[in-house]
Amino acid sequence: MKRAVIYARYSTDLQNDKSVEDQFSLCHDFAGKLGATIVKQFSDRAKSGASMFGRPGLADLMTAAERGEFEILITEHTDRVSRDIADLAHVHKVLKFRNIEMQCVNGGLMDTVQIGMYGIVGQMQREEGARKVKRGMTGVVRSGRNAGGKAYGYRPVTGKKGELEIIEVEANVVRRIFDMYSAGMSPRAIAAALNAEGIPAPRGKQWNASTINGNGQRGNGILRNPLYAGKIVWNRVHMVKDPSTGRRISRVNDDDAIETIEAPHLRIVDEALFQTVQDLKASRGGAHARHVQKNKRLLSGLLKCSECGGSLVINGADRNGPRVICSTHKESGSCSNNARYYVEKIERDVIDRLRKMFADTSIIDAYVEEYRAESKRIAIQRRNSRGAKETALTEVQGQITRVIEQVSKGTIDEDDVLAILPGLKAERARLKAELAAEEPPTNVIEIKPRAVNKFREDIESLAEILKDRQAEPTPEMAKAFREVVSGVVVYPRLPGEAYEYEIKGLLSGIAGPELSAVVVVAEEGFEPPTQGL
């Protein structure tokens, strides 16, 4: 008797979670007709069939196929496996190579011709569904309603799908932003003023210059949003899926594809003021700014502010070289650290300190020994924490399933669903994100002498290169440096005061990927840490 596995999938959270169990039941009955024994079941819940990425059930199935755990794959239909012709053909090709049959309840044994035919049909249905959705949204926009998305200053009208109304309190903030910008204030200064007054931001904890500036091509940001001038502009961008990663990315549409509808009832800012602001933005910036080549420094992206954790970014230069400042302070004024630092001085200091550190490998050995003891404690702590989160995730998923079952049976009101389900989904997303972010416990290995020597040579070369401002480190040297140095935390200072900072690094860069202890090098010295790493 041949061994068989079942694969089931449904597309979105809006569908019944019971769909997977229904597919399993159909496939079990079909397996009986084939005379096969079910040895395992795989499923993906609320996962699109447009891509193989992000589908752990399908990934596990293909792994089991590689291990030779079954001879037959049973699924309700080929579109459960994939609605992409290339992905479906790939799965079938791999299974056929391993002498595994693909049997469908609705279709029987799949051969190459059927896979090609069903693959075309599945992809056409998916693409046609997307076109129908777009046509429906076009009709919504042309009727003067909102096709989706939330803009600051507006809220949905209760009981009238797609209609918006103005929130006067937020509208006053919008008008004030336009007035301040037209009077000469920069977006950063405007953001700082709003934060200082405690005015709630559209998203997140604070206003940023990017919230106000937005993106010209996409028409987002307070100052660029045509909705404030009484115009609904839709279809600026479209989403495409990267076939190499499965991620959706947005691309700007051509001008002739963009829909613009007059909506005077949604106007917050006078047309003349809106146009004045657009002219000012065009004169102060421009499309050419996106193509200006930016020099990437050795510490680019590694400098962090100790007060807020924000990155340090270039803020002008003088005869002593370029200076950096906390990006949070620069963008919104919400960080108290307004100090400026010469980035070249920090670079030279970091290299000099690392030269001293790697002159004596006993210092590295001390960190490794410290890490041995600390890693044991962290491993135990992680296991306990992960187990609790996995239990909580299972419970939340069970609650979601029960709510959906009640919806299908008509035993729960829609208002109750709207009150319960969003919170459960948010909790599920939080737990999944925390579990995904957790790293598995690491093992300690000994420092490799050759790797230490190679890194020491690179540090010496970098030190020589940094003496010449016009010279740049080779990509190989910069890569080796960044594999060891993970960040430089800079502390606030008054003008004329000495720099104070910590160098944080990963020993994995010289000891191998299994070692990830953090080295902290303070300005005053290089004593091994006595606290947790």
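What share of the contacts in the chain with a separation of 6 or more comes from residues 24 or more positions apart? In this predicted model, such residues account for 62% of those contacts. The chain has 533 residues, 37% of them buried, and its secondary structure consists of 16 helices and 18 strands. Its accessible surface comes to about 29,400 Å², and carbon and sulfur atoms hold 52% of that area.

**Nonpolar cores**

- The largest nonpolar core contains 33 residues. Within this core, the residues with the most contacts are I177, F178, W207 and Y228.
- Four elements give two or more residues each to this core: the helices α6 (168-182), α7 (187-196) and α9 (271-284), and the strand β8 (231-234).
- Helix α6 supplies the largest share of the core, namely seven residues.
- I177 is in contact with I190, L194, W207, I212, I222 and L223, when its neighbours within four places in sequence are left aside.
- A second core, separate from the one above, has 23 residues, among them L302, L312, C326 and L354.

**Helix α6**

- The buried residues of α6 are A171, V173, V174, I177, F178, M180 and Y181. Two of the residues named here, I177 and F178, are also listed among those with the most contacts inside the largest core.
- At 1.5 Å a residue, a helix of 15 residues such as α6 should span 21 Å, and the end C-alpha atoms of α6 are indeed 21 Å apart, so the expected and modelled spans agree.
- After α6 comes G184, which has a positive phi near 115°.

**Salt bridges between parts of the chain**

- A search of the whole structure finds 16 salt bridges.
- One of them joins the side chains of K40 and E69, with an N to O distance of 3.4 Å. K40 sits in strand β2 (residues 37-44), while E69 is in the loop between α2 (56-66) and β3 (72-75), so this pair ties together parts of the chain that are 29 residues apart in sequence.
- Both ends of this bridge are partly exposed: K40 has a relative accessible area of 34%, and E69 has one of 24%.
- D44 and R55 form another salt bridge, in which the closest N and O atoms are 3.9 Å apart. D44 belongs to strand β2 and R55 to the loop between β2 and α2, so the pair links parts that are eleven residues apart in sequence.
- Are D44 and R55 buried or exposed? D44 and R55 are both buried.

**A salt bridge within helix α13**

- R430 and E427 form a salt bridge whose closest N and O atoms are 2.6 Å apart.
- R430 and E427 both lie in helix α13 (residues 414-437); because they are three residues apart there, about one helical turn separates them.
- R430 is partly exposed, at 37% relative accessible area, and E427 is partly exposed too, at 28%.

**A salt-bridge network**

- Salt bridges with shared partners join K40, R67 and E69 into one network.
- This network includes the K40 and E69 pair described above, which connects strand β2 with the loop between α2 and β3.

Methods: Residues are numbered from 1 along each chain as its sequence is written. This is a predicted model: local features need pLDDT of at least 70, side-chain atom pairs count only at pLDDT 80 or more; totals for chains, interfaces and linings use all residues. Side-chain values use heavy atoms; hydrogens and water are left out. A nonpolar core is a set of buried Ala, Val, Leu, Ile, Met, Phe, Trp, Tyr and Cys residues joined through side-chain atoms within 4.5 Å. Buried means under 20% relative accessible area, exposed over 50%, partly exposed in between (1.4 Å probe, protein chains only). Contact means heavy atoms within 4.5 Å. The expected span of a helix is 1.5 Å times one less than its number of residues. A salt bridge is a side-chain nitrogen of Lys or Arg within 4 Å of a carboxyl oxygen of Asp or Glu. Accessible areas come from the Shrake-Rupley method with a 1.4 Å probe; for residues, only the protein chains shown count as cover.
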